[in-house]
Amino acid sequence: MEEAERGAHHVQSLERGLAVIKAFHADAAELTLSDVARSTGLTRAAARRFLLTLTDLGYVRTDGKYFSLTARVLELGYSYLSSMSLPQVAQPHLEYLSAEVHESSSVSVLEATDVVYVARVAVSRIMTVSINVGTRFPAYATSMGHVLLSGLSVAEFEAYLMVAKLDPLTAHTLTSDDALRAEVAQVRAQGWAMVDQELEEGLRSVAAPIRNRHGRIIAAVNLSTHASRTTPESMREDLLPSLLNTAKRIEADLAITAPARASRG
């Protein structure tokens with residue numbers, strides 16, 4: 001049944017054209033007509049038609065004997081990137097970061113007075129509660145929250161203070177407006193935030209901003225670890241550089257995807 005349904009809509013010429021493109025790779029950047037026919041299982045005549053069509057479209061170039069891909073094939077990947085949301089863009093970067101430093105990493109956005117997790121890679125459980133996509137924590141007690149608050153205008157931040165309840169979650173939590181103002185000002189100046197056991201005893205985290213192409217902070221990325229394994233100094237020296245690099249890489253990918261999403265809007 002599945003084969004019959006597949007046959008009703010399956011466009012074999014598209015399948016074969018994609019097979020011709022995929023015949024090229026790092027170890028086979030230049031191929032002859034015979035090479036392509038052999039790699040794809042097409043006849044020489046069919047391989048020639050597909051290669052010449054791809055040449056006409058600008059995806060392949062030829063010197064008369066050898067064929068190779070052009071940079072235009074990147075447009076195919078660009079189309080995929082253009083459709084990706086922040087979590088999809090960020091996730092592979094978090095996976096790479098966590099593998100590099102062996103700590104849990106997350107991305108969150110600001111919603112009302114909370115940070116909301118939109119992407120996460122957990123290396124180990126370091127909190128008494130499980131953290132998943134959709135988990136919310138009060139912004140005033142988290143490193144990502146401090147970063148996101150630093151991206152607000154003065155009026156927006158004062159409006160936040162009007163509605164946020166700065167409850168003492170631990171003995172280290174900032175619970176006064178003035179203390180939080182000073183902390184957010186420092187984060188804004190240095191470009192990153194560190195929270196030392198303000199959300200939960202034993203939990204340390206460091207966060208960096210993710211900006212859109214206009215420079216506005218739209219999200220934050222962090223690394224979190226248990227206080228028994230690190231010190232604030234070691235986090236600054238060993239974790240912060242990788243975190244800042246990750247934020248820049250996420251921003252670079254978002255800069256690629258944003259124009260296409262805007263044009264569709």
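**A buried loop threonine, a buried glutamate and the salt bridges around the fold**

Thr-230 sits in the loop that links strand E9 (217-226) to H10. In this predicted model, the residue is tucked away rather than out in the open: Thr-230 counts as buried because its relative accessibility is just 11%, under the 20% cut-off. Setting aside residues up to four places away in sequence, Thr-230 touches Glu-103, Arg-204, Thr-225 and Met-235.

Stepping back to the whole chain, the protein has ten helices and nine strands. Of its 265 residues, 45% count as buried. Among contacts with a separation of 6 or more, 58% are made by residues 24 or more positions apart. The chain exposes about 14100 Å², and carbon and sulfur atoms supply 54% of that area.

Helix H7 (residues 143-150) is a mostly covered element, with eight of its eight residues buried. The run goes from Ser-143, Met-144, Gly-145 and His-146 on to Val-147, Leu-148, Leu-149 and Ser-150. One of these buried residues, His-146, leads straight to a charged residue in another helix. Glu-183, in helix H9 (residues 177-190), shares a side-chain polar contact of 3.5 Å with His-146. What about a salt bridge for Glu-183? Glu-183 is buried but has none, and the nearest side chain of opposite charge, Arg-236, is 9.7 Å away. In general, side chains of opposite charge can pair when their charged atoms come close. For Glu-183 and Arg-236, the 9.7 Å gap is outside the 4 Å cut-off for a salt bridge, so the pair does not qualify. Neighbours within four places in sequence aside, Glu-183 is in contact with His-146, Leu-174 and Met-194.

Elsewhere, charges do pair up: a search of the whole structure finds ten salt bridges. Several sit within single helices. Asp-35 pairs with Arg-38, with the closest N and O atoms 2.7 Å apart. These two are separated by about one helical turn because they lie three residues apart in helix H3 (residues 33-40). As a general point, an α-helix has 3.6 residues a turn, so residues three or four places apart point the same way. The two partners are not equally covered: Asp-35 is partly exposed, at 22% relative accessibility, while Arg-38 is exposed, at 61%.

Helix H9 has a salt bridge with the same kind of spacing, three residues. Here Arg-181 pairs with Asp-178, and their closest N and O atoms are 2.8 Å apart. Again, about one helical turn separates Arg-181 and Asp-178, because they are three residues apart in the helix. Arg-181 is partly exposed, with a relative accessible area of 30%, and Asp-178 is exposed, with 56%.

In helix H10 (residues 232-264), Glu-251 and Lys-248 are likewise three residues, or about one helical turn, apart. Their side chains meet in a salt bridge of 3.7 Å, N to O. Is Glu-251 buried or exposed? At 15% relative accessibility, Glu-251 counts as buried, whereas its partner Lys-248 is exposed, with a relative accessible area of 54%. Beyond such pairs, salt bridges that share partners join Glu-111, Asp-114 and Arg-136 into one network.

Helix H8 (residues 154-163) holds another acidic residue, Glu-158. Glu-158 counts as partly exposed because its relative accessibility is 29%. Along the chain, Glu-158 and Asp-177 are 19 residues apart, and their C-alpha atoms are separated by 9.2 Å.

Finally, the surface has a nonpolar spot. Which residues form this patch? Val-11, Leu-14 and Leu-18 do, with about 270 Å² of accessible area together. Of these, Leu-14 belongs to helix H2 (residues 12-22). Leu-14 counts as exposed because its relative accessibility is 51%, over the 50% cut-off.

Terms used. Residues are numbered from 1 along each chain as its sequence is written. This is a predicted model: local features need pLDDT of at least 70, side-chain atom pairs count only at pLDDT 80 or more; totals for chains, interfaces and linings use all residues. Side-chain values use heavy atoms; hydrogens and water are left out. Patches are made of residues with over 30% relative accessible area and no salt bridge: like charges are joined within 9 Å, nonpolar side chains (Val, Leu, Ile, Met, Phe, Trp, Tyr) within 5 Å. Accessible areas come from the Shrake-Rupley method with a 1.4 Å probe; for residues, only the protein chains shown count as cover. Helices (H or I, at least four residues) and strands (E, at least two) are DSSP runs, numbered from the N terminus. Buried means under 20% relative accessible area, exposed over 50%, partly exposed in between (1.4 Å probe, protein chains only). Lys and Arg count as positive and Asp and Glu as negative; His and the chain ends are not counted. A polar contact is a pair of N or O atoms within 3.5 Å; within protein, one must be able to donate a hydrogen and the other to accept it, and residues adjacent in sequence count only if both atoms are side-chain atoms. Contact means heavy atoms within 4.5 Å.
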